[in-house]
Amino acid sequence: NACNKLLQQITSILDININNQYIISRTGANMFSIILDDVNAEKTNTIANTLKNKIKELNFIYENKIFDIKTSIGILKLSEEFLEPSEILKTLELICKFAKSLGGDRIESYESTSDDFKEQKKLIDGVKLIKQALQNQNMLLYAQKILTTKKQQNEIAHYEVLVRILDEKNQIIPPGLFIPAAEEYKIMESIDYWVIEESIRCLSIWNSYKKNGNVILSINLSI
């Protein structure tokens, strides 16, 4: 298909323009990673610009249609901040997505990225925390009592359900650090399901101990 044909042509461009001493690997569906050894920032940018321009000049035709190919390149200088291969690839992918969000056909480096990028990285870190919390059941429910200003003969206990997650050190993560990430990356629904199931379970336990007690739980769901 068109995607495979394009990837083959891009691979040829990489082979022709990258020195044999460097390592090239396909690390995603449409992502390649290149390890440049013993090069300075100027040389790195020169290589990146060469690849970007060569791919832009690519006259890609499929089924008599001409496609305009845009490339987003991310540059990351390896340091003690990035020791795990998964963290390196995740950060590079994020830089590339950031470059793409700015229109593509551009090069972004980790050092030169704006506060918008760093905010985006916070969201990615938040997503990681959420997925780990869901997988390991490291989540908590809090019940915040709702009080009425009117007197009632048969008082009904009314609570708003609040969710919190725990990190690897069992420290509570406030909602401001994970709710935006969950909404941005469409995983709020998974949190909602957990909150509903856990609320029903807690309500069942409450009713088994408080046989005459009336309780209402309010849950805010995402839309």
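This is a short tour of two helices, a pair of ring contacts and a surface patch, in an order you can follow in your viewer. Keep in mind that you are looking at a predicted model.

**Stop 1: helix H1**

Start by selecting residues 2–17, which make up helix H1. H1 has 16 residues and reaches 23 Å from its first C-alpha to its last, close to the 22 Å expected at 1.5 Å a residue. Now colour Leu6, Leu7, Ile10, Ile13 and Leu14, which are buried. Turn the view so that you look down the axis of H1: its buried residues fall within an arc of 115 degrees, so they line one face of the helix. Which exposed residues does the face turned away from the buried side carry? Select Gln8, Asp15 and Ile16 to see them.

**Stop 2: the phenylalanine pair**

Searching the whole structure turns up 2 aromatic pairs. For one of them, show the side chains of phenylalanine 60 and phenylalanine 67: the ring centres are 5.8 Å apart and the planes stand at 50 degrees, so this pair is tilted. Phenylalanine 60 is buried, at 3% relative accessible area, while phenylalanine 67 has 35% and counts as partly exposed.

**Stop 3: tyrosine 159 and tryptophan 206**

Next, pick tyrosine 159 and tryptophan 206, whose ring centres lie 6.4 Å apart with planes at 65 degrees, so the pair is edge-to-face. This contact links distant parts of the chain, 47 residues apart: tyrosine 159 sits in strand E8 (residues 157–166) and tryptophan 206 in helix H6 (residues 188–209). Are the two partners buried or partly exposed? Tyrosine 159 is buried, with 16% relative accessibility, and tryptophan 206 is partly exposed, with 32%.

**Stop 4: helix H6**

Stay with tryptophan 206 and widen the selection to the whole of H6, residues 188–209. This helix has 22 residues and spans 32 Å from its first C-alpha to its last, close to the 32 Å expected at 1.5 Å a residue. Highlight its buried residues: Met188, Ile191, Asp192, Trp194, Val195, Glu198 and Ser199. They cover an arc of only 160 degrees around the axis, which puts them on the same side of H6. Rotate to the other side of H6 and you will find Glu189, Tyr193, Glu197 and Ile200 exposed.

**Stop 5: a nonpolar patch**

Finally, switch on a surface and select Leu140, Tyr142 and Ile172, which make a nonpolar surface patch of about 250 Å². Leucine 140 belongs to strand E7 (residues 139–145) and, at 31% relative accessibility, counts as partly exposed.

Conventions. Residues numbered from 1 in each chain as written. Predicted model: local features only at pLDDT ≥ 70, side-chain atom pairs only at ≥ 80, totals over all residues. Heavy atoms only, no water. Phe/Tyr/Trp six-rings, centres within 6.5 Å; stacked < 30°, edge-to-face > 60°. Buried < 20%, exposed > 50% of the residue type's maximum accessible area, 1.4 Å probe, protein only. Helix = DSSP H or I, 4+ residues; strand = E, 2+ residues; numbered from the N terminus. Patch = residues over 30% accessible without salt bridge, like charges linked within 9 Å, V, L, I, M, F, W, Y side chains within 5 Å. Areas by Shrake-Rupley, 256 points an atom, 1.4 Å probe, with all protein chains shown as cover. Salt bridge = Lys/Arg side-chain N within 4 Å of Asp/Glu carboxyl O. Expected span 1.5 Å × (residues − 1). Arc of directions from axis to C-beta.
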